[in-house]
Amino acid sequence: MCGICGCGSTTIAGGIVPRDSQSHGHDHHHHDHHHHHESGAVGSAAEDATRRLRVERDILEDNNRAAGANRVWFTERGVLALNLLSAPGSGKTTLLVRTITDLMTAGTAADRPITVIEGDQQTDLDAARIRATGVPAIQINTGKGCHLDAAMVTRAATSLALAQGSVLFIENVGNLVCPAAFDLGETHRVVVVSVTEGEDKPLKYPDMFHSADLMLINKVDLLPHVAFDVERCVALARTVNPSLVALPVSATTGEGLDAWYGWLRAHHPAPRLAHAKPI
């Protein structure tokens, strides 16, 4: 859980935001642990576990309150907010650039303007790639942080001039663990896997796939060159989440992208229950 993984400060569009201003609880947890160590107190393993769970519960409860406010804010403005999640190297940014380019070429962006919040630990390389398509993008650098949280999205979204009825893509940090627990207030969660990864990813990271609404299986153009069974991957994902929609796609060749764009056109903002549950 993020409360013990070493998340650090966050930078949004060039400004450093210390964790203690994010109601995230990390600095408090670190101080409590340090003080406990210096005092020489030796608590039992059960006491340490209870303290850790309490801090993690507080973190998630604070996050879920912010996520709920985000969801109301998005819904009132008719914004379709999509949380894009994946492991590193899945081709998520390439898929997003292709999606934006195709939608703009088709004129879809005229009816539903597109904006992007780009999450990464360091650099603004991905945000620069997005901006090159002509759509607004704001970069959130999480430093040592392994995920975006709802408070970060609040600050980024309110700094953007989101048009009524627009589509907001939130590209999360590449990680299949911590992002699953942190609701951002999104309308839907889209998890991207690639055929260059193991098809058993849904079983290894069940929380991520259980909380997703759509799974995009990317890089299917490489299927002749890798040992990846698409049907088995989908079947394993549906043992975790029976209602999960799965679409095979290739950001390189365009295969399957019409189905992905159809999914986007068919979905509109609506309140949904938070996936993240306090521990």
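**Figure 1. Cavities of the predicted model.** The model, which is predicted, holds 3 cavities of 30 Å³ or more. A cavity is a set of points on a 1 Å grid over the protein atoms alone where a 1.4 Å probe fits but cannot get out, and lining residues have an atom within 4 Å of a point. Volume is the space filled by probe spheres set on the points, which are joined across faces, edges and corners. Residues are numbered from 1 along each chain as its sequence is written, and side-chain values use heavy atoms, with hydrogens and water left out. Local features need pLDDT of at least 70 and side-chain atom pairs count only at pLDDT 80 or more, whereas totals for chains, interfaces and linings use all residues.

**Figure 2. The largest cavity.** This cavity encloses about 90 Å³ of space. Its lining consists of Leu80, Leu103, Thr108, Ala109, Arg112, Ile114, Val167, Phe169, Tyr261, Leu264 and Arg265. Helix α4 (108-111), strand β6 (167-171) and helix α10 each give two or more residues to the lining; helices (H or I, at least four residues) and strands (E, at least two) are DSSP runs numbered from the N terminus. Helix α10 makes the largest contribution, with 3 residues. By class, the lining has 8 nonpolar, 1 polar and 2 charged residues, where Ala, Val, Leu, Ile, Met, Phe, Trp, Tyr, Cys and Pro count as nonpolar, Asp, Glu, Lys and Arg as charged, and the others, Gly among them, as polar.

**Figure 3. The second largest cavity.** About 50 Å³ of space lies here, bounded by Leu84, Lys92, Leu95, Leu96, Thr99, Phe169, Val192, Leu216 and Trp260. Helix α3 provides the largest share of this lining, 4 residues. The lining divides into 7 nonpolar, 1 polar and 1 charged residues.

**Figure 4. Packing of helices α3 and α10.** Helix α3 (residues 92-105) packs against helix α10 (residues 257-266) at an angle of about 75°, their axes being 11 Å apart. Axes are lines fitted to C-alpha atoms, for helices over the stretch in contact, and angles run from 0 to 180 degrees between N-to-C directions. The two helices, α3 and α10, are therefore roughly perpendicular, a term that covers angles of 65 to 115 degrees. From α3, Leu95, Arg98, Thr99, Asp102 and Leu103 meet Leu257, Trp260, Tyr261 and Leu264 of α10. These residues comprise 6 nonpolar, 1 polar and 2 charged.

**Figure 5. The second largest pocket.** A pocket is an open set of grid points with protein on both sides within 12 Å along at least five of seven lines. The second largest one has about 240 Å³ of space. Its lining is formed by 20 residues, with Pro88, Gly89, Lys92, Asp126 and Gly174 lying nearest the centre. Helix α3, strand β4 (114-120) and helix α5 (125-131) each supply at least two lining residues, and α3 gives the most, with 3. The lining has 4 nonpolar, 11 polar and 5 charged residues.

**Figure 6. Surroundings of Val230, and the backbone at Lys219.** Val230 belongs to helix α9 (residues 230-240). Apart from its neighbours within four places in sequence, Val230 is in contact with Ile217 and Leu223, contact meaning heavy atoms within 4.5 Å. Its C-alpha atom is separated by 7.3 Å from that of Glu199, 31 residues away along the chain. Lys219, in the loop between β8 (214-218) and α9, has a positive phi of about 70° although it is not a glycine.

**Figure 7. Segments of low confidence.** The predictor's confidence in each residue is given as pLDDT, from 0 to 100. The protein has a mean pLDDT of 83, with 76% of its residues at 70 or more. Over residues 16-39 pLDDT stays under 50, and the model has 45 contacts beyond four places in sequence for this segment. Residues 271-279 likewise stay under 50, with 29 such contacts. Where pLDDT is low, the predicted coordinates should not be read in detail.

Terms used. Parallel < 35°, antiparallel > 145°, perpendicular 65-115°, else oblique.
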